[in-house]
Amino acid sequence: MTIVADKMGRLEAFIAAVETGSFSAASERLGTTPSAISKSVARLEQRLGSKLFRRSTRALSLTVEGTAYYERAAPLLRGLYDAEDAVRSATTGRRKLRITMPNELGRLLMNGLTDRFLPNHPEVQLDIGMTDRSVDIIREGYDLALRAGKLADSDLTVRTLGELPMTLVASPAYLERKGRPRSIEELSLATHVRYMRGGQPFPIRFMDGAMVSPQGHLDLDSGFALRIAALNGVGIAHLLRCTIEADIRSKQLEVVLPQRQLEHVPLHLLHAFGRTPPLRARPLMDFLTAEIATYIV
């Protein structure tokens with residue numbers, strides 16, 4: 001048992017160093033010292049017969065072998081933690097789940113999560129992060145993620161929930177001041193509030209293949225902020241229809257070029273549990289799938 005525990009300690013030290021970026025930060029996570037982390041990683045490298053890290057005074061980076069080992073070992077260790085958590089939750093009645101989702105989808109889902117899901121699942125403790133940033137689920141310790149848009153290749157398990165309609169909107173005040181675009185050409189000359197992804201403005205794509213690269217003087221990386229800017233008359237915003245449906249009904253925002261249909265955006269539920277998510281995660285996954293079904297096409 002001592003040998004097994006020692007191997008587990010080395011694995012925990014290695015994964016903590018990868019996910020925190022340094023031996024010092026890893027030691028804080030695990031409640032030990034940087035030298036202990038360094039020694040554990042060195043023993044692991046010696047046992048494997050391969051270097052896992054490139055070390056320098058400024059940075060700690062994975063070798064090719066280290067990357068391959070991490071990608072395979074991290075889900076296994078996470079699975080062990082999940083197994084322990086399942087046993088603990090059976091005795092303590094608590095099941096903690098961490099989930100990340102875009103700001104505006106979180107705003108839509110929060111009522112259902114707090115009014116229906118939590119009252120019906122008192123054993124669940126939710127930790128919800130709302131950000132449009134594409135978080136690293138494993139390294140940042142999340143169980144689940146809702147993510148809109150095309151996905152980069154990854155080892156995560158993906159459940160595609162459907163597609164969300166997009167809409168171009170602006171405030172009546174902006175349209176009265178600047179005019180209502182009647183064509184793609186006029187739209188390309190209008191002032192936009194631009195949604196930024198990866199340092200680049202998100203293009204406006206239409207179902208017929210037409211595309212507009214929006215121009216404007218306000219760039220944002222949050223759908224929530226985009227909506228506020230549009231409501232305040234800054235410019236035309238390209239947003240998920242479900243997030244501004246109430247604003248359209250109340251006439252605080254108007255649809256721009258309603259005769260031209262925009263490309264839909266796929267919505268995905270991601271996790272790192274492998275093919276079979278643990279029992280503690282399934283009720284939340286099923287609830288989110290049902291809630292989102294009212295918005296997808």
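Helix H2 covers residues 23–30, and in this predicted model its residues Phe23, Ala26 and Ser27 are buried. Viewed along the axis of H2, the buried residues fall within an arc of 100°, so they line one face of the helix. Just after H2 comes glycine 31, with a positive phi of about 70°.

Positive phi values also turn up in residues other than glycine. Lysine 251 has a phi near 65°. Lysine 251 sits in the loop that runs between helix H9 (241–249) and strand S14 (254–255), and its relative accessibility of 66% makes it exposed. Leucine 257 has a positive phi too, near 50°. Its place is in the loop between S14 and strand S15 (265–271). Is leucine 257 buried or exposed? At 4% relative accessibility, leucine 257 counts as buried.

Leucine 257 leads to phenylalanine 206. Leaving aside neighbours within four places in sequence, phenylalanine 206 is in contact with Leu257, and also with Leu168, Ile184, Leu187, Val212, Arg260, Gln261, Leu262 and Glu263. Phe206 belongs to the largest nonpolar core, which has 40 residues. Phe206 is among the residues with the most contacts inside that core, together with Leu113, Leu168, Leu187, Ile236, Val256 and Leu284. A second core, separate from this one, has 27 residues, including Phe14, Ala74, Leu77 and Tyr142. In soluble globular proteins, nonpolar side chains tend to be buried together.

The charged side chains come next. How many salt bridges does a search of the whole structure find? The search finds 15. One of the pairs is arginine 107 with glutamate 104, whose side chains meet at 2.9 Å, N to O. Both residues lie in helix H5 (residues 103–120), three residues apart, which is about one turn of the helix. The two partners have unlike surroundings: arginine 107 is partly exposed, with a relative accessible area of 36%, whereas glutamate 104 is buried at 5% relative accessibility.

Helix H5 also takes part in a salt bridge that reaches beyond the helix itself. Glutamate 291 pairs with arginine 116, and their closest N and O atoms are 2.7 Å apart. Glutamate 291 lies in helix H10 (residues 282–292) and arginine 116 in helix H5, so the pair ties together parts that are 175 residues apart in sequence. Glutamate 291 counts as buried at 18% relative accessibility; the cut-off for buried is under 20%. Arginine 116, at 34% relative accessibility, counts as partly exposed.

A further salt bridge joins glutamate 45 to lysine 51, with the closest N and O atoms 3.9 Å apart. That distance still qualifies because the limit for a salt bridge is within 4 Å. Which residues are linked with Lys51 in a network of salt bridges? Glu45 and Arg55 are linked with Lys51 in this network. Glutamate 45 is buried, at 5% relative accessibility, while lysine 51 is exposed, at 53%.

Serine 222 gives a view of a polar residue in a loop. Its place is between strand S12 (218–220) and helix H8 (223–231), and at 12% relative accessibility serine 222 counts as buried. A polar atom of the serine 222 side chain lies 3.2 Å from the backbone nitrogen of phenylalanine 224. Apart from neighbours within four places in sequence, serine 222 is in contact with Asn103, Asp132 and Tyr195.

The last stop is glutamate 176, in helix H6 (residues 172–178). Glutamate 176 is exposed, with a relative accessible area of 62%. From glutamate 176 to glycine 233 the separation is 57 residues in sequence and 10.0 Å in space, C-alpha to C-alpha.

Definitions and conventions:
Residues numbered from 1 in each chain as written. Predicted model: local features only at pLDDT ≥ 70, side-chain atom pairs only at ≥ 80, totals over all residues. Heavy atoms only, no water. Buried < 20%, exposed > 50% of the residue type's maximum accessible area, 1.4 Å probe, protein only. Helix = DSSP H or I, 4+ residues; strand = E, 2+ residues; numbered from the N terminus. Polar contact = N/O pair within 3.5 Å; in protein donor to acceptor, adjacent residues only side chain to side chain. Contact = heavy atoms within 4.5 Å. Core = buried A, V, L, I, M, F, W, Y, C linked by side-chain atoms within 4.5 Å. Arc of directions from axis to C-beta.
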